[in-house]
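Hello,

Here is the structure I promised to pass on to you. Have a look at it first, and then read on for what turned up in it.

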Amino acid sequence: MTSTDADVIVVGAGPVGMATALGLAHHGVPCVLVERHAEPTAGSKAFGVWGRTLETLEAWGLAERLLAAGDPRVAVAPVAVETGEPIFTVDFSALAAESAMPGLLIIPQSATEALLREAVAESPLVRVVHGEVTEVRQDDAAVAVAVASPDGDWTTLRAPYAVGADGSRSIVRESQGVRHRGRILDADLLVFDVDVPDDGDLPPVRLVAERPGLLAGLRFAPGRWRVLASLEALTSPATTATDGPPPRKPDLPIDVLEELAREVLGPREAHVTWQSRTTLYQQRVPGFRLGRRIVLAGDSAHLVSPAGGQGMNQGIQDAENLAWSLAAALRAGAAGDRAAADAMLDGYAREREKVADVVARRARLNSLLEFGTPPRLRRPGFLAMRTGLRLPWFRRLLTRRLSMRDLEYRSSSAARLGGGQRSGPVGRRVPDVVLPDGRRLAAALGGRAALLAVACDPPEVPAGLVVVRVEALPLGARLYAGDVAVVRPDRHVGAVLRRPSAGELREAVGRALGAR
């Protein structure tokens with residue numbers, strides 16, 4: 001049987017696949033979401049959602065659900081187990097002027113996935129198909145995905161495009177003969193969850209500061225903790241080249257985990273509910289676009305060490321960029337403009353490939369600091385951190401980096417960037433400032449493409465775009481009076497013009513956003 005009732009086939013219904021489907025629905029694009037598991041997988045995996053990702057989900061009407069289910073933190077203050085005193089405090093309120101969600105939402109990935117699953121079930125534009133993908137083929141006209149259902153039946157889905165969001169061992173990626181490439185560090189990270197009934201006297205973030213390697217605890221909710229540990233310290237920054245996903249590690253005996261839990265949480269009962277043991281790795285495929293009609297997102301495209309907690313967040317941000325890019329490519333294809341369709345998808349690939357490299361470098365640095373810093377150097381290191389966090393510029397730099405808000409795109413990465421008269425702000429994300437009417441800018445944009453006019457009125461506005469006028473923006477935005485910025489649905493600046501003519505504006509919009 002062959003089905004062709006969607007514009008996009010998304011393979012994999014983890015957080016990235018579901019986010020891609022919901023992003024496509026937000027832009028009016030119907031899709032089929034293929035998932036081999038009829039029931040959700042166990043395990044909490046990612047421990048939280050950064051504010052940058054929450055802003056994406058807010059544009060799709062989902063942030064309130066997550067905020068209600070999780071524990072929002074405006075400040076993170078790890079406490080040393082040895083002294084009971086805070087080591088330092090990272091206060092994300094430094095970003096309040098540019099975001100209504102400046103910090104970190106502590107929520108297990110299982111809860112995030114459950115809420116995304118609810119939203120998928122509610123969307124009339126997302127059709128879920130359960131089954132095992134057995135074959136993926138593309139030609140000049142479409143992608144064909146063969147799916148074997150649990151009852152032994154099979155169907156072939158066809159659509160103009162397919163997204164591989166099916167994880168580190170992606171069938172979509174492997175079907176095209178592509179594998180991850182990268183490097184691994186000589187250390188393992190042990191991640192497990194425990195239920196601790198009598199934890200009311202414990203601060204929410206605990207770190208064994210004088211132990212070689214890493215041992216830390218993070219409270220998800222009353223009585224529920226995530227423990228992160230290295231079984232031995234990292235002794236060398238050297239990396240080893242690797243091809244393909246890292247090997248799965250066997251589980252450790254429960255008594256080993258319970259002993260680690262007691263070391264970080266104190267001598268109290270701790271029931272282990274889930275565990276994972278992983279290598280510290282940084283890998284990605286050479287290109288996120290495979291042929292003309294297949295694109296990758298999330299772990300299918302890149303793998304990053306858990307240090308810093310940015311893996312799932314990076315994948316959802318892939319989905320944000322990919323959803324509007326696919327919508328633009330479909331519009332261009334319907335108009336017969338193949339070059340514009342290719343520019344949209346090549347733009348997604350080049351932009352997110354560069355971001356993946358940046359996130360991988362940061363994760364490696366985080367891994368070296370967390371796993372390899374000798375205990376004798378930690379006290380001076382913590383003192384330097386406390387001193388730096390007293391400086392407003394350093395506090396803002398660190399909080400923007402941790403929350404992924406400083407990630408930007410370069411005009412050299414994609415043809416769809418840099419079509420205006422000024423390059424400085426292009427690729428940057430516009431801060432979510434408060435407008436004169438009291439709304440935030442993100443609420444006014446609503447996850448749609450727009451023109452942002454700074455203390456001026458643009459000429460004739462291309463169809464399908466809203467105009468938001470502001471009198472001034474923070475200096476970091478690099479947008480000044482007289483500028484008209486083409487703002488993409490992901491709130492990144494696609495082009496900037498100074499008091500443009502109607503023709504100049506139409507040309508810049510077409511290059512940055514594709515056919516309207």
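A definition to begin with: a residue is called buried when its relative accessible area is under 20%, exposed when that value is over 50%, and partly exposed in between. Please also keep in mind that this is a predicted model.

With those limits, R396 counts as partly exposed, because its relative accessibility is 36%. The side chain of R396 meets that of E98 in a salt bridge, with 2.9 Å from N to O. Is E98 itself buried or exposed? At 10% relative accessibility, E98 counts as buried. R396 belongs to helix 10 (residues 392-402), while E98 sits in the loop between strand 8 (90-91) and strand 9, so this pair ties together parts that are 298 residues apart in sequence.

A second salt bridge worth a look joins E122 to R65, whose closest N and O atoms are 2.6 Å apart. Here the partners come from two helices: E122 lies in helix 4 (residues 109-122) and R65 in helix 3 (residues 63-69), so the pair links parts 57 residues apart in sequence. R65 has 26% relative accessibility and therefore counts as partly exposed.

A third one is formed by the side chains of R401 and D406, at 3.6 Å from N to O. R401 is partly exposed at 37% relative accessibility, whereas D406, at 18%, counts as buried. Elsewhere, salt bridges with shared partners join D140, R289, R292, R338, D342 and D346 into one network. How many salt bridges are there in the model? The count comes to 41.

Now to the sheet. Three strands form an open sheet in the order 4-9-5, and their pairing is antiparallel. Why do strands 4 and 5 each have one side without a neighbour in the sheet? Strand 4 (48-50) and strand 5 (71-73) stand at the edges and have a single partner strand each, so one side of each is left free of a neighbour there. From one strand to the next, the twist averages 20°. Strand 4 pairs with strand 9 (residues 104-106) in the antiparallel sense over 3 bridges. If you want to find this pairing on screen, look for G48, which stands opposite I106 in strand 9.

On the surface, L391, W393 and L397 make a nonpolar patch of about 330 Å². L391 is found in the loop between helix 9 (375-389) and helix 10, and its relative accessibility of 37% means that it counts as partly exposed.

You may be wondering about the cysteines. The count of disulfides comes to 0. Two cysteines you could look up are C31, which is buried with a relative accessible area of 2%, and C456, which is buried with 7%.

One last spot is A77, in the loop between strand 6 (75-76) and strand 7 (79-80). With a relative accessible area of 28%, A77 is partly exposed. What separates the C-alpha atoms of A77 and V205 in space? The separation is 6.7 Å, although the two residues are 128 residues apart along the chain.

Happy browsing, and best wishes!

Definitions and conventions: Residues numbered from 1 in each chain as written. Predicted model: local features only at pLDDT ≥ 70, side-chain atom pairs only at ≥ 80, totals over all residues. Heavy atoms only, no water. Pairing = 2+ DSSP bridges. Helix = DSSP H or I, 4+ residues; strand = E, 2+ residues; numbered from the N terminus. Axes fitted to C-alpha atoms, helices over the stretch in contact; angles between N-to-C directions. Salt bridge = Lys/Arg side-chain N within 4 Å of Asp/Glu carboxyl O. Buried < 20%, exposed > 50% of the residue type's maximum accessible area, 1.4 Å probe, protein only. Patch = residues over 30% accessible without salt bridge, like charges linked within 9 Å, V, L, I, M, F, W, Y side chains within 5 Å. Areas by Shrake-Rupley, 256 points an atom, 1.4 Å probe, with all protein chains shown as cover. Disulfide = S-S within 2.5 Å.
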